[in-house]
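Me: I'd like a close look at one part of this model: the aromatic rings and whatever surrounds them. Take me through it in one go, please.

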Amino acid sequence: RALSNLSVSFNNFTEFIFLLCDQLELHPFTRYQAVEILERFMIRYIEKLRSSPQRDSDKRKLEQCGWGLLQVKMRDHFILRIMSCVQIASKLSFHYQIVNNAIALKFLQSLGYSYKKEDILNSELLILKTLSFEVNIPSPFTHTETLLEVMGYNDPSVPVKYLHSISLTVLKYVYLTRNTIYENLLKIAIENSSPSDLQKAKFVSVKEDCMLLAVGVIGASAFILNYTPWDKVMEQLASISGVTEESISEFSQVILRQILAGASYAQ
């Protein structure tokens, strides 16, 4: 019901993927992997559009409205592409439920789409070929899981079970509000509320840093759990990840402020 009421777009596809995975009762790993695969597919897809042989007038049009043209070309099959990314992500670990073609077809039909199995196969193949079959992409989820495991191993006093539960909740929230969170982080980093296009471009590497996101999430979660002095948590995370305590603390505080702002707005 939640999915049918949500009008999916290029701006809220993360929320749609999360709801889809929840409805199919898939492991959290799958939802984050599917988002990463879809984002990389869209980037590669528009790059191929720009590099493909076209008339000069078409090239100029693409340069002027590249993202808009991508939306036009993908809009009709965007739900299908999302489902294909979820299918691919579900196959990356045999420990969890795999979304086969029959499940995908039945689900799409329940949303009112009239795709055939051939469409599902072709869509999955398109994504795999576009990404050169490189779909085992690092995600903040796997980094978060690994960091928590190492923290528990290094220090048995760490309440890993509770910290893990809070961290997954915080990670989900961060993923759904990450544009705002990274905008705030950039403004803090440059000490300016109006970043330039060049500064935004240079900041892309920060947004793609899965380790930074993972330590920020765990840092914020540890603050919420309040099981030990926070500076000790910063020290532990810095020692394991190689990220500076200052960077972890800064990002964690941005996340916490966003959570508090959201809670205040909800009230």
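Reply: Helices here are DSSP runs of H or I with at least four residues, strands are E runs of at least two, and both are numbered from the N terminus. On that count the protein has 16 helices and 0 strands. Keep in mind that this is a predicted model, with local features needing pLDDT of at least 70 and side-chain atom pairs counting only at pLDDT 80 or more, while totals for chains, interfaces and linings use all residues. Numbering starts from 1 along each chain as its sequence is written, and side-chain values use heavy atoms, leaving out hydrogens and water.

On to the rings. A pair of aromatic rings is described by the distance of the centres and the angle of the planes. The cut-offs: rings of Phe, Tyr and Trp (its six-membered ring) pair if their centres lie within 6.5 Å, and planes under 30 degrees apart are stacked, over 60 edge-to-face, and the rest tilted. That gives 11 aromatic pairs in the structure. Take Tyr-32 and Phe-141: their ring centres are 5.7 Å apart with the planes at 15°, so this pair is stacked. Tyr-32 belongs to helix α3 (residues 28-51) and Phe-141 to helix α9 (residues 140-154), so the pair ties together parts that are 109 residues apart in sequence. Tyr-32 has 1% relative accessibility and counts as buried (buried is under 20% relative accessible area, exposed over 50%, partly exposed in between, with a 1.4 Å probe and protein chains only). Phe-141 is buried too, at 3%.

Tyr-182 and Phe-203 make an edge-to-face pair, because their centres are 6.4 Å apart and their planes at 70°. With Tyr-182 in helix α11 and Phe-203 in the loop between α12 (197-202) and α13, this pair ties together parts that are 21 residues apart in sequence. Both Tyr-182 and Phe-203 are buried.

Back to Tyr-32 and Phe-141: they form one aromatic cluster together with Phe-18, Phe-29 and Tyr-175. Two members of that cluster have an arginine over the ring. For a charge to sit over a ring, NZ of Lys or CZ of Arg has to be within 6 Å of the ring centre and within 35 degrees of the ring normal. Arg-31 lies over the face of Phe-18, 5.0 Å from the ring centre, and the charged end of Arg-178 sits over Tyr-175, 4.5 Å from the centre of that ring.

Tyr-175 takes us to helix α10 (residues 160-176). The expected span of a helix is 1.5 Å times one less than its number of residues; the 17 residues of α10 should span 24 Å, and the end C-alpha atoms are 24 Å apart, which agrees. The buried residues in α10 are Leu-163, Ser-167, Val-170, Leu-171, Val-174 and Tyr-175. Seen down the helix axis, these fall within an arc of 130°, so they line one face of α10 (the arc is that of the directions from the helix axis to the C-beta atoms). The face turned away from that buried side carries exposed Lys-161, Tyr-162 and Thr-169.

Arg-178 and Tyr-182 belong to the buried set of α11, along with Ile-181, Leu-185 and Leu-186. Down the axis of α11 the buried residues stay within an arc of 135°, so here too they line one face. Helix α11 (residues 178-190) has 13 residues and reaches 18 Å from its first C-alpha to its last, close to the 18 Å expected. Just after α11, Glu-191 has a positive phi of about 55°.

What touches α11 from further along the chain? Glu-250 touches Leu-185 and Ile-188, not counting residues up to four places away in sequence, where contact means heavy atoms within 4.5 Å. Glu-250 is in helix α16 (residues 245-266) and is partly exposed, at 29% relative accessibility.

For the wider setting, buried residues make up 43% of the 267 residues. Among contacts between residues at least 6 apart in sequence, 70% join residues at least 24 apart. The accessible surface is about 14,700 Å², with 51% of it belonging to carbon and sulfur atoms; these areas come from the Shrake-Rupley method with a 1.4 Å probe, and for residues only the protein chains shown count as cover.
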